[in-house]
Amino acid sequence: MMKLFGKLKIWIIVAVITVLLGALLLSIFGLNQTPDYKSSYEASVSVDQNVNGSGELVDKTARAYFGEKGYRLSDYATQKTEDGDKYIYKFHKAGDIDKEELQAVLQTALDNDAELGALNLKASAEYGEVKITSDYNAGKILLACLLGLIVAFAVSFFTVKLAGALTVVCNAVMTLVIYTMLVAITRIPALPDFAIVGGAAMLLSVVMTFVITCRYKEKLKLDEKADVSAVATDGVKDGFIRLCFITCAVILAAALLFVGGVYFLFIGLKLILAAISAYLVSCVATPALWTVFKKLKIKK
Amino acid sequence: MKKSKAIVLLTIALVITAILTFLTFARFPVGTKNFNGFLGAIQTDYDLSGGTAYTLTLSDDNVNDVDDVDEVINTLKYRLNLLGYENYSVKAIKDVDAAVEDYDIRIEARGSVSRFGEVDTDTLASDIKVAAAYGELTFYGGTSQNPTEQILDDGTPVADAYYMGVSNNGDSTTYNVNIKFSNYGYDALMELLNANSTYYVQINLGDTVLLPGTSALSSSYINDKSLIITTGSEASARQAALQIKTGGLAYKYDVSDGEDVSSPLGRNLEIKSIITISLFLVAIIAAMFVIDKKYGVVSCLSTIAFTDIYLFLMIAIPGIKISIGGVIGFALSTVLLADGFMIISKRIKEEFARGKTVKSAVKTGFKRALLPIAGTAGITAASAFILFALTGGALKNFALVFAVGTVLAAAINLLVSRMFANLILAIVKYDQSFLGLKRTDKNAEEAGE
């Protein structure tokens with residue numbers, strides 16, 4: 001595995017292809033947005049009383065109807081009222097839904113139910129277009145990232161010196177770029193938490209890289225005349241299990257998020273991309289960048 | 001340290017940890033109330049627990065047509081932010097076949113939660129009505145009470161208005177709002193106050209009276225272009241500040257009664273989040289046992305202490321409401337905690353392999369782990385605080401929870417796990433097999449092993 005990480009040319013080609021492909025898809029389609037962050041569609045169904053499971057029956061029947069219309073479970077998110085008499089389904093794509101037809105299907109289900117049929121319950125359905133504005137202020141988020149990088153640079157500079165600090169900052173930026181491109185390529189719904197996971201990706205990269213550069217510092221302290229390239233490679237080797245552990249831990253956390261349903265699934269998938277981006281950048285780029293920065297400094 | 005002393009101290013540490021864990025998760029009745037554990041007292045936000053939905057429909061006597069519903073949504077969001085809401089949903093909905101102006105607005109938000117888990121929907125309903133209030137801000141002035149002559153109508157009289165906090169004067173508690181006048185507003189008002197020995201000012205928003213003109217105002221009340229008015233509750237003070245600062249909506253909406261709804265991200269997300277985090281913690285502890293063998297006990301106890309203190313901090317730090325961002329922040333902090341354990345155990349193993357005794361290797365291992373752990377915590381916490389200061393919503397919540405978690409993880413790594421390690425190693429007489437330590441062949445020969 002370490003041999004593979006040492007093949008820098010291959011990784012540069014992979015990174016360039018990822019960035020180019022991601023940028024192309026990003027410029028054509030933009031980020032894939034989920035229901036809450038663009039104009040989308042919403043159906044709501046309700047029953048005048050939630051008795052003997054009438055709410056659940058309406059919900060189940062509506063889902064079956066959406067299934068017939070070609071929707072999969074991952075195409076919508078559901079809300080319900082506290083009383084259980086109303087269900088709201090948010091769709092991130094338009095469909096062939098007819099509210100009169102839906103209402104008739106629901107009413108038939110209620111009337112034909114052995115237990116509920118005698119109660120004369122009334123079902124109703126609505127189907128509407130939803131307009132939403134984004135809460136994200138890209139300028140503020142970018143400013144926060146920039147200030148965060150300055151802080152990372154400052155702390156790293158005082159602890160692991162210039163070469164380490166520059167490596168930490170470069171890796172964080174590369175991780176964010178690779179993560180964004182991977183989200184664009186995989187078409188995983190990006191919002192509402194794209195920025196959170198992007199921030200997490202950068203922080204993961206900073207954590208991974210900073211500890212590797214601490215290791216470099218220790219190694220150079222033990223042997224000041226040690227070969228910089230050898231120190232760089234050994235430092236990553238020493239921390240290899242740790243890097244794998246962090247990555248696996250984040251991937252596990254992400255996989256566990258799948259329990260939470262469709263939105264958590266989207267967040268989990270993005271977290272996996274964030275962990276992979278941070279891991280690969282830290283393993284591959286850290287020794288190369290640190291060696292370059294260190295040698296530049298030695299030359300001066 | 002003597003073995004007997006170590007046993008006593010470890011027992012005390014374990015009892016404290018057990019009590020903390022019990023208080024974190026236990027639920028039991030206390031008199032007429034229920035104690036729900038630290039976990040039960042943590043406030044969750046709208047995206048995890050759902051909230052109350054209000055539908056705003058254009059009133060029959062609305063005058064202006066809605067040209068741009070996006071502007072209405074953004075104005076409502078801005079107002080909700082000023083009222084202190086971070087996590088909510090504002091959307092416009094219309095029937096697929098209806099005309100553009102037929103948009104209804106639906107606002108979903110969660111009211112503040114009391115210590116006993118009761119959601120304050122009254123204040124939420126009142127806040128929604130204030131955010132959606134219609135009308136223009138109008139100033140009236142005159143020499144008698146309840147003046148009717150409009151003043152300060154040649155420009156924008158108010159530059160800013162904000163809630164200043166609470167003040168206690170003897171038995172009475174008042175909540176203060178600072179109205180900062182613009183240059184125009186200040187000059188015009190001072191001219192009126194100086195020209196009349198007794199002068200009354202009333203502020204209205206549409207037909208609603210925000211500041212009644214029942215008390216005379218004098219120029220001495222205005223300092224640095226600011227006038228401080230008082231109200232009877234924090235909610236009303238925030239609402240008054242909002243309305244004086246931003247005025248009302250250009251369109252008149254009727255606000256429906258509230259309807260409790262589940263989270264927009266899915267059902268039972270609170271429980272699912274707890275299950276996710278619990279499974280994750282168990283997996284992390286199991287992984288530490290696999291990697292560090294018996295030394296995993298130290299990581300396990302430290303992780304339990306971390307969880308207890310972290311959850312306690314989530315209720316001790318005022319104003320924290322856990323959202324989906326908070327759940328991610330919690331999980332990532334736990335990753336940093338586990339990373340810290342790995343850094344420490346690796347350093348200890350290296351020191352031992354270099355020929356040090358177990359005791360010395362542990363001491364030096366923790367010393368060497370200080371820089372990477374503290375440095376990482378410093379960078380991530382500072383970055384998270386910047387994110388907290390500059391952003392909003394779930395991102396802000398992520399930043400806050402993660403910043404707290406990363407600092408706590410470092411403290412647990414460097415202090416609590418060190419304490420557990422020293423106590424347990426003293427009991428097992430610094431047995432190298434407990435730490436799974438091996439010397440390199442050369443050093444083993446030198447040590448006579």
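**Notebook: helix packing, cores and the A–B contact**

Started with the pair α8(A) and α10(B). On the α8(A) side I found A:Arg242, A:Phe245, A:Ile246, A:Ala249, A:Val250 and A:Ala253, and these meet B:Ala331, B:Val335, B:Ala338, B:Asp339, B:Met342, B:Ile343 and B:Lys346 of α10(B). I sorted the residues of this contact by type and got 10 nonpolar, no polar and three charged. Note to self: this is a predicted model.

Next I looked up the geometry of that pair. Helix α8 of chain A covers residues 240–257 and helix α10 of chain B covers residues 324–353; they pack at an angle of about 160 degrees, and their axes are 10 Å apart. Angles over 145 count as roughly antiparallel, so α8(A) and α10(B) get that label. I also checked the hand: α8(A) passes α10(B) in a right-handed crossing.

Then I stepped back to the whole contact between the chains. I have 61 residues from chain B and 52 residues from chain A in it. Which elements of chain B each give at least two residues to the side that touches chain A? I listed α4 (69–82), β4 (88–95), β16 (259–261), α8 (269–292), α10, α11 (358–390) and α12 (393–427). By type, that side of chain B splits into 35 nonpolar, 15 polar and 11 charged residues.

α12(B) was on that list, so I followed it to a partner in its own chain, helix α1 (residues 3–25) of chain B. The two pack at an angle of about 140 degrees, with axes 8 Å apart. With that angle, α1(B) and α12(B) are therefore oblique to each other. The crossing is left-handed here. From α1(B) I noted B:Lys3, B:Ala6, B:Ile7, B:Leu9, B:Leu10 and B:Ala13, and from α12(B) B:Met419, B:Phe420, B:Leu423, B:Ile424, B:Ala426 and B:Ile427. The residues of this contact come out as 11 nonpolar, no polar and one charged.

Last, the nonpolar cores. The largest has 166 residues, and A:Ala200, A:Leu204, A:Ala253, A:Leu271 and A:Ala274 have the most contacts inside it. Helix α5 (residues 138–186) of chain A gives the largest share of this core, 22 residues. I also found a second, separate core of 59 residues, with B:Tyr85, B:Ala109, B:Tyr186 and B:Tyr253 among them.

I picked A:Ala274 for a closer look. What does A:Ala274 contact beyond its neighbours within four places in sequence? I got A:Tyr179, A:Val197, A:Ala200, A:Ala201 and A:Leu204. A:Ala253 I had already met, in the contact of α8(A) with α10(B).

Conventions: Residues numbered from 1 in each chain as written. Chains lettered and ligands numbered in written order. Predicted model: local features only at pLDDT ≥ 70, side-chain atom pairs only at ≥ 80, totals over all residues. Axes fitted to C-alpha atoms, helices over the stretch in contact; angles between N-to-C directions. Helix = DSSP H or I, 4+ residues; strand = E, 2+ residues; numbered from the N terminus. Parallel < 35°, antiparallel > 145°, perpendicular 65-115°, else oblique. Left-handed = near helix turned anticlockwise from the far one by under 90°. Contact = placed C-beta atoms within 7 Å. Nonpolar A, V, L, I, M, F, W, Y, C, P; charged D, E, K, R; others polar. Core = buried A, V, L, I, M, F, W, Y, C linked by C-beta atoms within 7 Å. Buried ≥ 20, exposed ≤ 12 C-beta atoms within 10 Å, placed from the backbone.
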